[in-house]
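Here is a guided look at how the chains of this assembly meet, followed by a closer view of a few helices and one residue. Keep the structure open beside you as you read.

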Amino acid sequence: MFCTGLYILLVRQNLVKKLIGLNIMETAVFAFIVTTGMVEGGDPPVLGAGTGPVFVSPLPHALVLTGIVVAVSMTALALALIVRIKREHGTIELDELIRARQ
Amino acid sequence: MGAELFDLRPALAPLVSAICAGLVMLVGYRPGWRAGLALAAPVLKFGVVWSMLPGALAGTTYRISFGEVLPGLAFAFRVDALGLFFALVSSTLWIAATVYALAYMRGRPGQQRFFGFFALCVSTTVGIAFAENLMTLFVFYELLTVCTYPLLMHDGGLRVRRAGRRYLVYTLSGGALILAGMLLVWHLAGTLSLAGNGILSGVDSRPALLAVFVMLTAGFGVKAAIMPLHAWLPSAMVAPVPVSALLHAVAVVKAGAFGLLRVIYNVFGVDLMRELGYAQVLGAVAGATIILASIVALRQQRLKPLLAWSTISQLSYIVLAASLLTPAAAVAAIIHLANQAFAKITLFFAVGAIERGTGKTRIDELDGIGYRMPLVMGAFTVASLSFIGVPLLAGFITKWYLSLGALEAGAGGYVALLAVSALLNAMYWLPILYRAFFRRPESPAPVRPVSLMMRLPTLVCAIYVVILGIGAEAPAMPFVLAESAVRFAFGMHGVAP
Amino acid sequence: MVPLVFLLPLAAAALLPALFGARPRLAWYAALAVALATTVAAAVVAGALPAAGELRYAVGGWAAPLGIELRFDRIAAVTVAFGAVTALAITFSRTLTDSVPRPVLFYTLVLVNLGGLNGFALAADLFNLFVFMELLSVSAYALVAATRQPGAALAAIKYLLPGAVSSLLVLFAIGVLFALTGSLNMADVGARLAGVEAPAAVALALGALTVGFLVKAALFPLHFWLPDAHSAAPGPVSALLSALVVKVGVLGLLRTFELFGAAAGPGLLRLETLLTVLGAVAVVAGAVAAVVQHELKRMLAYSTVSNIGYIVLGLGLATTASVAGSIAHVFYHGLTKAGLFLAAAALVDRTGLHDIDDLRGLGHRMPWSATALSAGMIAVAGVPPTAGFVGKWQIALGALEGGRPLPVTVLLVTVVLGGALLALAYGIRVINALFFRAPTHHRVVAAREAPLSMLVPLVVLIGLALSAGLSGAAVIEFVRPVAEAFVGR
C-alpha cells in the first residue's frame, strides 16, 4: 500500500492524484501502526464486563488518531493550494505547469 | 625580553582609522568634513603608533585580547619589534598618501567611498602588523583584500572590472591556501601564536611541515607577488594613482611580505627553517623573480606598468633576504620593508603628478619634463637612484646588508645576482632620467600647475629616502627596532648583527 | 518556565485571530511581544543549563516513560535563536501587509511555526516530536503560499508533497520503533533498543528516520523542493524557512543518532560514511548551483543547500571538533542566512526585481540594505571572524583529525575550503552588481531605502553575523558536551 501510494505520487502528473497517492501512503502507515498495538488474544482496551487481563495497547490508537488529524489538515491545505493553482494557471497537471513557466 | 603589558594602544591604532572610515562614510558627503576627518585620523594614529616606540625600545611588549573565536584562540593584538616597525612605516606613509590623495581625487566622483575604504585599508594594515596570532593576522589580511577591492574598482569600466576580478581570484585563492596552512598548523602545534620564534619546532612530520610551508608561502606569496603568482599586480595598475601607491608601497604587497617574514621567523623559526632547507628553494624563486621582473620592466613603454614590474622585483629582495636565514640578511629584509615603501611611493606620487600636470603616461613622452616639473622629477630621480643602489640612498643599505647576509650564508652567487639586478635597474631608470633632463621636447605641451598638496608629499618622501640612506642610525626610522626583531628571531641577546 | 517556550507562541497563535482579527497593526505588536517573550523564556532556561545539566519537565505531572515529557538540553538551547530570529522576522514584516492578503493569519502562522520549532527541539518523546514537526511543516507550507504572488501556490505544493512524504517516513519509523520497544519516550526507546534482536527492523527504522529528516534538511540530492519554496515565499518567510525550518532536519538527525547510539554500531558507522560523502557533495553542488543562479533569492536558497552540506558533513565526520562545529553552524548559519534573506527581501520587495543583473547599481539607492547584504555574503562565506568561520574551521579540523587516509583527508579539507571560496565567488557577484555596475533598470533608479522596521532587524542580524565569530569559543564550549556524547557513543 505504501509503495502504491509512493508510485502514484511520483508518476502521476495530476496534483490531485498525487495527493490521493499521499493519502494512500498515510493510510498504509496508520494501518501499520495500529497493528503494532495488537496483542494476541487481547480485548479492546475498554473496561467493562467480561474483559480479561490482557488488553490491546491503546497507545497506537491515540497516535493514529492524532496522525489522522494532522493528515486531514494537510490534505485540506493541499487542496486549497491546488484550487488556487487551478485558478491562477488553469491546470493542475504538473508537467503543463512547468512548461507554462518556461 | 621585557615585560608584557596590557595596553589599549595596539587596538586603538587600527581602531582610529576604522572609526575614521565609518565617519567618512556617514558624514563625508561634505567635502570639508571629509578632508578634516581624512587628515585627522592618520595624524592621530601616527601619534598612537609612535607613542609605543619608547616602550618597545625598552623591551616592553604591549598586548590586548578580545573574545575567543575558538577555544584557546583569541582575537588579540600584540606589539613586538617587527610588527611595530611595519606599523610605523605604514602609518607614516598614510599621512603622505592622504594629503596626496586629497589633491589627486579633487573633483572626482565617489570620494566618500574612496576615503572611507582608504582609511580602512590602513586600519587593516596596522591590524596585520599588530596581530598576536596567525588567525588575527589572517582576518586583517582578508579584510585588506576586501577593502582594497572597491578602491581598485573605483574608476569602473570593463578593463577595471577585469583587473578587479583577477585581483580577487589571485588573492582569495591565496587566502584559502593560508587558511588551509593555518588549519594544519593548528592541527600540528595546537596554537597559532606569533609570540614565539618557532611554534612548529616540536613537530617532526616532514610531509606535514612541507605542506604547511608550501601553503603558507604560496598564500602570502600571492600578495608579495613572487613569480609566478604576480600576474594580478601589473593589471591592478588601472586603479587611481594614490591607490596604486598605497597598494604597492604600503598595504597589500607589504602585507604579503610581512606575512612571509612572520611565517619564516615566528611560525617555523630560523632553526627549523635551516634544518628543513626549504628556504633555499624560496630564495632561488625570489632570485629568479628579481631578475625576470627587471627584464620585463625593461620592455615597458608606460610608467605605471614599469613601476609595477619594478615592485615585483623589489619585493623579492625582501623574500630573498628572509630566506637566507642569517642575521644580516634578516636586517636587510626588515628594513627593506621601509626602504622600498618610501622610494616606491615617491615614484608613484611623481608619476601621478606628471599625469595630472601633463596628461602623459608614456615614457617616450617625457622629453624635457625635468625642467617643467623640477621638484617632482627631482624626487623621482632620488627614488630611482635609490633603487639602482647608489650609496647614501636607502636602497644601498638594503643591498649592503643583503650582500653581507649572502656571504654569511655562504651563498656568494646572490651577490652577483644583486649586481646584475642593479645593472638592470640602471638600464630602465636611467633612460627615463636622461629623457627628462637631457632631451628637448619636440612640441612643448602646456603644463597645468600641480597642487602643492601633491608636490609636498612627493618631496617629503624623497627626503626620507635620503635620510634612510645616510642615517642608518638616524632617529627618522628606527632601525634599532629591526635589529631587536632580528635578535629575537635568532635568539640572540645583545649581539649586534 | 520550560513549557512556556513552546506554549506561549501556540496559545498566542490561537488567540491572535480572535482578538485582533481586523487590526493587523495591533496583531503585529502582539505577535512581536509574544516572540520576544518566548525568546526571553528560552534564554532564561538556557542560562540555567550549565549549572543544571539538563532540565526535564513532565507535562501534567505524569512521570516518564508514560507521561509526556519535555527536555531542555544543550541542543534545545537553539530555541533562543529560533525565538530571536522569528521576532526579527515579525518586525520585518510590519509593512508586508500590502502584499499579504490576510496579515493577521500570517502572524498567526509565524507563531505556530515558532511553537512547532520550539516544541520539536524540546520534545522528549517520539510522538510529540512528530506532532510538532507536522505543526511547523504545515504552517511552513501555508506561509510559502501566503502572498498574492503568482507561483507561490505552486511552490508551496511542491514543498508540501516531499515534506509530507518525509513526515510519513518519520511516522513509519516511529511506528517501527514502538513495535520494537513498546515505548515512545526517547531515552526509554534508546535504552530498550540495545536489547532488541532485530537488526533488520532497527536498520529500517534508522534508515526511514534518516531519509525523512534529510528531506526536511534538504540535503543534496533531496533538496529539489527547497529553491522553489524559498525563493517564492515572501521575504521574512524565506528567512524563517532557510534559517530555521531546514535546521529541524538537522536537529532530527541529531536526535536520531542519540536514539540509536547504544543500539546500531556498524550500521551507524556506515551511515556516517554516507553522511560524510553526501555532505561533501552537497557543499560543492550547492555552492556551484548558487554561483550560476540569476535570481538573488534562489542563489541564497542554494547557499543554504551548501551550508546544510557543511553541517551534515560535520556530523558525518564524527569527531568532537566537527560535531561541535556542526551544531555551532546550525546556530550561526541561522543568524547569517536570516539576515541575508531579510536584506535580499528588502531589495527585492522595494524594487520588485528578482534578477541580480536587474539589481545593478542598487547599492547607491539603498545603501543600508545593500551593505548589509554584501556583509552577509562575506559572513556566509566564512571569512574570519564572522559567523560562518567557526563552524567551517571546526569541520575542517574534524576532517584532519579523523585519521583517514591522506587523499581522503586532503579531499575533505579541499571541499570545505573550496565551498567557502565558491561562496565568496557568488557573494562577490552580488557585491559587484550592487555597487560597481551602472543601473540598468529604471526601477532601481527610482528605488528608495527600506523603512526602519525592515532595516533594524536586518542590520541587527548582519551585525551579529559579522561579530558572532568573536563568541565562537563560548558557543563551541557550550555544545562540546553534546558533541562528546555524540562521538563517544
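## How the chains meet

In this predicted model, 24 residues of chain B are in contact with 23 residues of chain C. On chain B, strand 2 (61-70), helix 6 (134-152) and helix 7 (158-189) each supply at least two residues of the side that touches chain C. Helix 7 of chain B gives the most to that side, with 9 residues. By class, the side of chain B that touches chain C has 18 nonpolar, 3 polar and 3 charged residues.

Chain C also meets chain A, in a contact that takes 25 residues from chain A and 22 residues from chain C. Here the elements of chain A that give two or more residues are helix 2 (15-36) and helix 3 (59-89). Helix 3 of chain A provides the largest share of the side that touches chain C, 14 residues. The side of chain A that touches chain C divides into 17 nonpolar, 4 polar and 4 charged residues.

The table puts the two sides facing chain C next to each other.

| Side touching chain C | Residues by class | Element giving the most |
|---|---|---|
| Chain B | 18 nonpolar, 3 polar, 3 charged | Helix 7 of chain B, 9 residues |
| Chain A | 17 nonpolar, 4 polar, 4 charged | Helix 3 of chain A, 14 residues |

Of the 2 pairs of chains in contact, chains B and C share the most contacts. Chain A and chain B do not touch, and their nearest C-alpha atoms are 32 Å apart.

## Chain A on its own

Chain A has 4 helices and 0 strands, which read along the sequence as α-α-α-α. Of its 102 residues, 25% are buried. Among contacts in chain A with a separation of 6 or more, 39% are between residues 24 or more positions apart.

## Helices of chain B

Let us turn to helix 5 of chain B, residues 111-130. How many of its 20 residues are buried? The count is 19, so helix 5 of chain B is largely enclosed by the rest of the structure. Its length also agrees with expectation: at 1.5 Å a residue the helix should span 28 Å, and its end C-alpha atoms are 29 Å apart.

Helix 7 of chain B, already met at the contact with chain C, also packs against helix 8 (residues 206-223) of chain B at an angle of about 150°, with their axes 8 Å apart. Angles over 145 degrees count as roughly antiparallel, and helix 7 and helix 8 of chain B are therefore roughly antiparallel to each other. Their crossing is left-handed. The residues making this contact include Gly174(B), Gly175(B), Ile178(B) and Gly181(B) of helix 7 of chain B, and Ala211(B), Met215(B), Gly219(B) and Phe220(B) of helix 8 of chain B. By class, the contact has 15 nonpolar, 5 polar and 1 charged residues.

## A closer look at Met135(B)

Met135(B) sits in helix 6 of chain B, one of the elements that supply the side touching chain C. Is Met135(B) buried or exposed? With 26 C-beta neighbours inside 10 Å, Met135(B) counts as buried.

Which residues does Met135(B) touch, not counting those up to four places away in sequence? They are Val69(B), Leu73(B), Met182(B), Leu192(B) and, from chain C, Pro384(C). Met135(B) and Val69(B) are 66 residues apart in sequence, and their C-alpha atoms are 9.3 Å apart in space.

How values were computed
Residues are numbered from 1 along each chain as its sequence is written. Chains are lettered from A and ligands numbered from 1 in the order in which they are written. This is a predicted model: local features need pLDDT of at least 70, side-chain atom pairs count only at pLDDT 80 or more; totals for chains, interfaces and linings use all residues. Two residues are in contact if their C-beta atoms, placed from the backbone, lie within 7 Å. Ala, Val, Leu, Ile, Met, Phe, Trp, Tyr, Cys and Pro count as nonpolar, Asp, Glu, Lys and Arg as charged, and the others, Gly among them, as polar. A residue is buried if 20 or more other C-beta atoms lie within 10 Å of its own, exposed if 12 or fewer, and partly exposed in between; C-beta atoms are placed from the backbone. The expected span of a helix is 1.5 Å times one less than its number of residues. Axes are lines fitted to C-alpha atoms, for helices over the stretch in contact, and angles run from 0 to 180 degrees between N-to-C directions. Angles under 35 degrees count as roughly parallel, over 145 as roughly antiparallel, 65 to 115 as roughly perpendicular and the rest as oblique. A crossing is left-handed if the near helix is turned anticlockwise from the far one by less than a right angle, and right-handed if clockwise.
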